[in-house]
Amino acid sequence: MTDATEHPGTALSESTAFLCSVLDDDLAMLASLHEREPDSSFLQLLQDEHFPDGLGLRLIGEIGSDSIEMVKQTLSALPTTIDTATTDDLAADFANIYLNHGIQASPLESVWIDEESLICQESMFQVRSWYERHGLMTTDWRTRPDDHLVLQLQFLSHLFSVAESTSDLSEAARFMDEHLLRWIGSFSERVAKRCATAYFASIALLTGAYCEEMRDLLAATLGEPRPTAEEIEERMKPRGHTQEPVSVKFVPGIGPAV
């Protein structure tokens with residue numbers, strides 16, 4: 001058998017470049033699921049496309065397989081004609097999760113990482129620095145802070161869309177280790193336990209499982225083992241001072257400012 005890993009700093013093979021395009025599309029889709037409450041046309045689209053079968057990365061872990069089946073069952077259980085009562089219930093659940101923190105499952109990294117569970121803390125500025133280093137800025141941090149789940153998924157989608165070498169894949173892996181993967185599992189589990197609809201429970205579990213399996217795949221592709229949680233926490237110990245917030249213009253994945 002040939003070595004399937006990519007060597008550090010080399011141009012991507014054809015198969016790995018294709019993988020990046022798959023991850024780009026999948027992450028953009030996952031971001032859209034968390035971005036706003038679904039209306040009837042969006043739900044109909046998910047049904048028509050047999051989501052999540054269309055995801056390019058096939059999840060093989062138990063949690064991933066279970067979450068895929070849960071999403072399928074949730075979508076198949078929707079009424080043939082999606083009525084206002086259904087979308088109203090989903091809108092209320094969306095608000096409880098993403099807007100008013102009614103179930104205490106914030107989509108913001110700072111809340112999970114900060115010792116006092118506050119928003120717009122050090123991790124938000126760290127994430128902002130990642131965006132800036134790649135020529136990206138958020139539209140309005142006051143409306144959707146830089147460390148929001150949607151923006152982190154869009155940012156990863158962008159990284160894969162422009163990846164040209166294994167160094168680019170390592171960059172994506174490091175961002176996941178230092179940010180998204182430190183809290184997405186806790187977020188997904190809490191949403192699944194506390195939200196009011198099977199739709200958002202299944203979407204949360206699917207997103208968490210997808211990110212974990214994607215990171216495992218990157219480790220295998222790069223031939224680099226994932227760092228332990230303890231190693232990541234040691235790496236991320238605070239060093240320096242928190243910056244003051246500044247307004248910003250562009251959304252990662254939508255309009256890079258280069």
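**Exercise 1. Find the volume of the largest pocket, then describe its lining.**

Step 1. The largest pocket holds about 330 Å³ of space. A pocket here is an open set of points on a 1 Å grid over the protein atoms alone, where a 1.4 Å probe fits and protein lies on both sides within 12 Å along at least five of seven lines; lining residues have an atom within 4 Å of a point. A volume is the space filled by probe spheres set on the points, which are joined across faces, edges and corners. This is a predicted model, in which local features need pLDDT of at least 70 and side-chain atom pairs count only at pLDDT 80 or more, while totals for chains, interfaces and linings use all residues. Residues are numbered from 1 along each chain as its sequence is written, and side-chain values use heavy atoms, with hydrogens and water left out.

Step 2. Now pick out the lining in the structure: Ile113, Asp114, Glu115, Gln121, Glu122, Ser123, Gln126, Arg182, Glu233, Met236, Lys237 and Pro238.

Step 3. Sort these residues by type and you get three nonpolar, three polar and six charged. For the sorting, Ala, Val, Leu, Ile, Met, Phe, Trp, Tyr, Cys and Pro count as nonpolar, Asp, Glu, Lys and Arg as charged, and the others, Gly among them, as polar.

Step 4. Helix H6 (residues 122–133) gives the largest share of this lining, three residues. Helices are DSSP runs of H or I with at least four residues, numbered from the N terminus.

**Exercise 2. Locate the salt bridge between two lining residues of the largest pocket, Glu233 and Arg182.**

Step 1. The side chains of Glu233 and Arg182 meet at 2.9 Å, N to O. The cut-off for a salt bridge is a side-chain nitrogen of Lys or Arg within 4 Å of a carboxyl oxygen of Asp or Glu.

Step 2. Glu233 belongs to helix H11 (residues 229–235) and Arg182 to the loop between H8 and helix H9 (184–194), so this pair links distant parts of the chain, 51 residues apart.

Step 3. Glu233 is partly exposed, at 40% relative accessibility. Buried means under 20% relative accessible area, exposed over 50%, and partly exposed in between (1.4 Å probe, protein chains only).

**Exercise 3. Which residues lie nearest the centre of the second largest pocket, and what salt bridge does Arg144 form?**

Step 1. The second largest pocket has a volume of about 220 Å³. Of its 16 lining residues, Tyr98, Leu99, Thr143, Arg144 and His148 lie nearest the centre.

Step 2. Helix H1 (14–35) and helix H4 (84–99) are the elements that each give two or more residues to this lining, and H4 has the largest share, three residues. By type, the lining divides into nine nonpolar, four polar and three charged.

Step 3. Arg144 forms a salt bridge with Glu35, with the closest N and O atoms 3.7 Å apart. Because Glu35 lies in helix H1 and Arg144 in the loop between H6 and H7, the pair ties together parts that are 109 residues apart in sequence.

Step 4. Compare the two ends: Glu35 is buried at 18% relative accessibility, whereas Arg144 is partly exposed at 24%.

**Exercise 4. Is the salt-bridge partner Asp146 buried or exposed?**

Step 1. Find the bridge first: Asp146 meets Arg128 at 3.0 Å, N to O.

Step 2. Asp146 has 1% relative accessibility, so Asp146 counts as buried. Arg128 is buried as well, at 4%.

Step 3. For a wider view, a search of the whole structure finds 13 salt bridges. One network links Arg133, Glu171, Arg174, Glu178 and Arg235.

**Exercise 5. Why is the pair of Phe155 and Phe175 edge-to-face?**

Step 1. A search of the whole structure finds 10 aromatic pairs. Rings of Phe, Tyr and Trp (its six-membered ring) pair if their centres lie within 6.5 Å; planes under 30 degrees apart are stacked, over 60 edge-to-face and the rest tilted.

Step 2. The ring centres of Phe155 and Phe175 are 4.9 Å apart and the planes stand at 70°, so the pair is edge-to-face.

Step 3. Phe155 is in helix H7 (residues 149–162) and Phe175 in helix H8 (residues 166–178), so the pair ties together parts that are 20 residues apart in sequence. Both Phe155 and Phe175 are buried.
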